[in-house]
Amino acid sequence: MCLAWQMAQTTIADNPARHRYEVSVDGVVAGVAVYHRDGDTVTFVHTEVDAAFEGQGIGGALARGALDDVRAQGGRVVAECPFIKAWIARHPDYQDLLAS
């Protein structure tokens with residue numbers, strides 16, 4: 001018996017024209033994290049994952065990718081979005097990104 005499966009290609013990208021990070025699965029936008037940027041501070045205001053992709057870890061991948069990008073740019077984060085706020089609370093290694 002031969003089992004074969006294909007892993008979905010997931011990418012996270014900043015879309016500054018739309019003020020959001022997007023997570024795509026096999027080229028389809030599966031979720032977004034909307035933000036406002038003020039200098040080095042990124043305020044996350046809303047995160048949403050399409051119902052077809054819920055329960056697959058897409059939201060967590062989006063949060064991690066967006067926060068990693070902010071960190072790479074030397075930025076700080078304000079987590080107004082309940083999802084991003086809760087994700088950071090569960091991942092203490094990201095709490096240093098929070099703007100005081």
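**How the labels on this model are earned**

Modeller: Glutamate 22 touches Thr11, Ile12, Ala13, Asn15, Val29, Gly31, Val32 and Leu62, leaving aside residues up to four places away in sequence. Here contact means heavy atoms within 4.5 Å. Before we go on, this is a predicted model, in which local features need pLDDT of at least 70 and side-chain atom pairs count only at pLDDT 80 or more, while totals for chains, interfaces and linings use all residues. Residues are numbered from 1 along each chain as its sequence is written, and side-chain values use heavy atoms, with hydrogens and water left out.

Colleague: Thanks! Why is glutamate 22 called buried?

Modeller: Buried means under 20% relative accessible area, exposed means over 50%, and partly exposed covers the range in between (1.4 Å probe, protein chains only). Glutamate 22 has 14%, so it counts as buried. This residue is found in strand 2, and its C-alpha is 9.8 Å from that of glutamate 48, 26 residues apart in sequence.

Colleague: What makes a stretch a helix or a strand?

Modeller: Both are DSSP runs numbered from the N terminus: H or I over at least four residues for a helix, E over at least two for a strand. In the protein chain that comes to two helices and five strands, in the order β-β-β-β-α-β-α from the N terminus on.

Colleague: And how do you know which label fits alanine 13, buried or exposed or partly exposed?

Modeller: Its relative accessibility is 40%, so alanine 13 counts as partly exposed. Alanine 13 has its place in strand 1 (residues 10-15) and touches Arg20, Tyr21 and Glu22, not counting residues up to four places away in sequence. The C-alpha atoms of alanine 13 and valine 23 are separated by 6.6 Å, though their positions lie ten residues apart in the count along the chain.

Colleague: What stands out about the phi of histidine 19?

Modeller: Histidine 19 has a positive phi of about 55° although it is not a glycine. Histidine 19 sits in the loop between strand 1 and strand 2, and its relative accessible area of 44% is why it is called partly exposed. Aspartate 26 also has a positive phi, near 50°, and is a residue other than glycine. Its place is the loop between strand 2 and strand 3.

Colleague: Why does aspartate 26 count as exposed?

Modeller: Its relative accessibility is 53%, so aspartate 26 earns the label exposed. Cysteine 81 has 2%, and therefore counts as buried. Cysteine 81 lies in the loop between strand 5 (76-79) and helix 2. Leaving out residues up to four places away in sequence, cysteine 81 touches Phe44, Val45, His46 and Thr47; its C-alpha is 4.4 Å from that of valine 45, 36 residues apart along the chain.

Colleague: What makes two rings an aromatic pair?

Modeller: Rings of Phe, Tyr and Trp (its six-membered ring) pair if their centres lie within 6.5 Å; planes under 30 degrees apart are stacked, over 60 edge-to-face, and the rest tilted. This rule gives four aromatic pairs. One of them joins tyrosine 21 and tyrosine 35, at 5.4 Å centre to centre and 50° between the planes, and is tilted. This pair links distant parts of the chain, with tyrosine 21 in strand 2 (residues 20-25) and tyrosine 35 in strand 3 (residues 28-38), 14 residues apart. Both tyrosines, 21 and 35, are buried, and Tyr21, Tyr35 and Phe44 form one aromatic cluster.

Colleague: Why is the pair of tryptophan 87 and tyrosine 94 called edge-to-face?

Modeller: The centres are 5.0 Å apart and the planes make 70°, hence edge-to-face. Tryptophan 87 and tyrosine 94 are both buried.

Colleague: How do you know that a charge sits over a ring?

Modeller: NZ of Lys or CZ of Arg must be within 6 Å of the ring centre and within 35 degrees of the ring normal. The charged end of arginine 71 sits over the ring of tyrosine 94, 5.0 Å from its centre.

Colleague: What makes helix 1 roughly perpendicular to helix 2?

Modeller: Axes are lines fitted to C-alpha atoms, for helices over the stretch in contact, and angles run from 0 to 180 degrees between N-to-C directions. Helix 1 (residues 58-72) and helix 2 (residues 82-90) pack at about 80°, with axes 10 Å apart. That makes the two helices roughly perpendicular: the class takes 65 to 115 degrees, with under 35 roughly parallel, over 145 roughly antiparallel and the rest oblique. Gly59, Gly60, Ala63, Arg64 and Leu67 of helix 1 meet Phe83, Ile84, Trp87 and Ile88 of helix 2.
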